[in-house]
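Work through the exercises below with the model open. Each task is followed by a solution in steps.

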Amino acid sequence: MAIKRRDLLRAFGTAGLAGLASPREQKAQEQTARATRGLPIPKIKDISVIECQPGGVRLTVVKITTDQDGLYGYGCATFTQRADLVKPAVERYLKPFLLGKTTDRIEDIWQSCYDSSYWKNGPVLNNAISGIDQALWDIKGRQAGMPVYQLAGGKCREAAASYGHADGADFPNVVESAKRYMAQGFRHVRVQVGIPGMAGYGSARGDSQIKALHDKPVFEPAYYVRRALKLFEVCRKELGDEIELLHDMHERVSPNQAVQFCKDAEKFKMFFLEDPLSPEDLAYFRQIRQQCATPIAMGELFNSPHEWTPLIGERLIDYIRVHVSQTGGFTPARKIAIMSEIYGVKTAWHGPGDVSPIGHMANVTLDVVSYNFGIQEYSPFNARTQEIFAGCPVMKDGYLWVSEKPGWGIEVDEKAAAKAPFTNGANNLNGGWGEIRRLDGTVIKQ
Ligand code: MG
């Protein structure tokens, strides 16, 4: 169908065709109009940031409003530990950069936002870009009348197998927690047990006290290693061989302890061990790989292609586990998924409570369109969260289901969000974490 000047005028107005737009921009707009059969191309009219804390964790969502009535989109920009910094990154830098641009060129907008700070790949700026990127995908889906998964090629599975967090202060509590998930249909559980007197990751601490040279929370890697290996033994005995066991080491041990731990855990046939090393110690993954076949998941702290590319390219991990908004949004995460497929690495997107429901829907969208999907981390949405975010991904029998509505399929009730503002937290750190120290007072990675 030939595009008439009348259609272009309707899409851009006279200013868009001949007034404000340069010849180069005008040519680009005409090309876009042809590609979209002369339909009006939305322009970015406003960008705002919605902040709320409905479940104890700070959530940040970017909203892009277009110049077309009722057409807008939402994107996850959640960086809980430094949440207050993401809003000005969006409002003071990306908003003036993007106002008036058309919404249709997502890749171009992503690349230009990424380059506009000159220095890049930090968590605040990546999350700000993610909010923009995911909001643009939402808009494109709403325009097309399709869920985003259709824009990415459609499903290659019905729903995303997920794992829940089974934890407790002692072994029987963990087993009981895991059985509750299994009764709901889960075939995968992450198991974490407390260490008496210590601040173990992902579990209750228990009542006992431990003597240290300071009054901060205590963690000793060697205690943890012995306790976790015992937990796997108990879980296999009490839960059987059919359940898939996962465990998060949270980068808390030395590189050599991590190598030893992964070797010692091999006999328990784990689904994966997560974050055995910190991003500062990536080179040690080669040693783990050479010495055992325990599946390894890594990446929730990654911000930069310099971190994930070597691990995937050298086949040093089995599951790439980035926090999608930390990488810059749906657009870069889709590229990570495709690169991973080529190298035989599966996906396990980070999905606990510090991802907004918009971000969870982006995760599940990647899950259903990526052939190399591995597993999805699941965190339930409480009633207050569901009141603010209508249309959260649905959990059924251990599977998360993607929305069939256009875009991400989620509507945000901004009035309800305003009733759940950020709180300062018990430690007065605006969402930041405190410190954890060894018995002698040495601070550790959390
Ligand atoms: Mg983790």
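Two strands count as paired if DSSP finds at least two bridges between them. The strands themselves are DSSP runs of E, at least two residues long, numbered from the N terminus. Keep in mind that this is a predicted model.

**Exercise 1. The hairpin**

Task: Describe the hairpin of β2 and β3, and find which residue takes a positive phi.

Solution:
- Step 1. Locate β2 at residues 59-66; β2 pairs with β3 in the antiparallel sense, over five bridges.
- Step 2. Check the register. K63 stands opposite Y74 in β3. I64 stands opposite G73 in β3.
- Step 3. Go to the connection. Five residues lie between the strands, and G70 has the positive phi, near 75 degrees.

**Exercise 2. The sheet and its cover**

Task: Give the strand order of the open sheet of three strands. Then state which helix lies across β1, β2 and β3.

Solution:
- Step 1. Read off the order: β1-β2-β3, with antiparallel pairing.
- Step 2. Find the edges. They are β1 (44-52) and β3 (72-76), each of which pairs on one side only.
- Step 3. Add the twist, which averages 20 degrees from one strand to the next.
- Step 4. Place the helix. α5 (residues 123-144) lies across the three strands and runs at about 140 degrees to β3.
- Step 5. Look at the burial of β3. Four of its five residues are buried, with buried meaning under 20% relative accessible area.

**Exercise 3. The metal site**

Task: Which residues coordinate the magnesium ion, and at what distances?

Solution:
- Step 1. List the donors: D248 (OD), E274 (OE) and E300 (OE), at 2.0 to 2.2 Å.
- Step 2. Write their spacing along the chain as D-x25-E-x25-E.
- Step 3. Map two of them to strands. D248 lies in β6 (residues 244-248) and E274 in β7 (residues 272-274), so this pair ties together parts 26 residues apart in sequence.
- Step 4. Check exposure. D248 and E274 are both buried.

**Exercise 4. A helix pair**

Task: Are α8 and α9 roughly parallel or roughly antiparallel to each other?

Solution:
- Step 1. Recall what is needed. Two packed helices are described by the angle between their axes and the distance between the axes.
- Step 2. Take the values. The axes of α8 (residues 221-239) and α9 (residues 255-265) come within 11 Å and cross at roughly 15 degrees.
- Step 3. Apply the cut-off. Angles under 35 degrees count as roughly parallel. The two helices are therefore roughly parallel.
- Step 4. Give the handedness: the crossing of α8 and α9 is right-handed.
- Step 5. Name the contacts. In α8, residues including Y224, V225, L229 and F232 take part; the α9 side has Q257, F261, D264 and A265.

Technical notes. Residues are numbered from 1 along each chain as its sequence is written. This is a predicted model: local features need pLDDT of at least 70, side-chain atom pairs count only at pLDDT 80 or more; totals for chains, interfaces and linings use all residues. Side-chain values use heavy atoms; hydrogens and water are left out. Axes are lines fitted to C-alpha atoms, for helices over the stretch in contact, and angles run from 0 to 180 degrees between N-to-C directions. Contact means heavy atoms within 4.5 Å. Donors are N, O and S atoms within 2.8 Å of the metal (3.2 Å for Na, K and Ca); water is not among the atoms, so sites may look incomplete. Buried means under 20% relative accessible area, exposed over 50%, partly exposed in between (1.4 Å probe, protein chains only). Angles under 35 degrees count as roughly parallel, over 145 as roughly antiparallel, 65 to 115 as roughly perpendicular and the rest as oblique. A crossing is left-handed if the near helix is turned anticlockwise from the far one by less than a right angle, and right-handed if clockwise.
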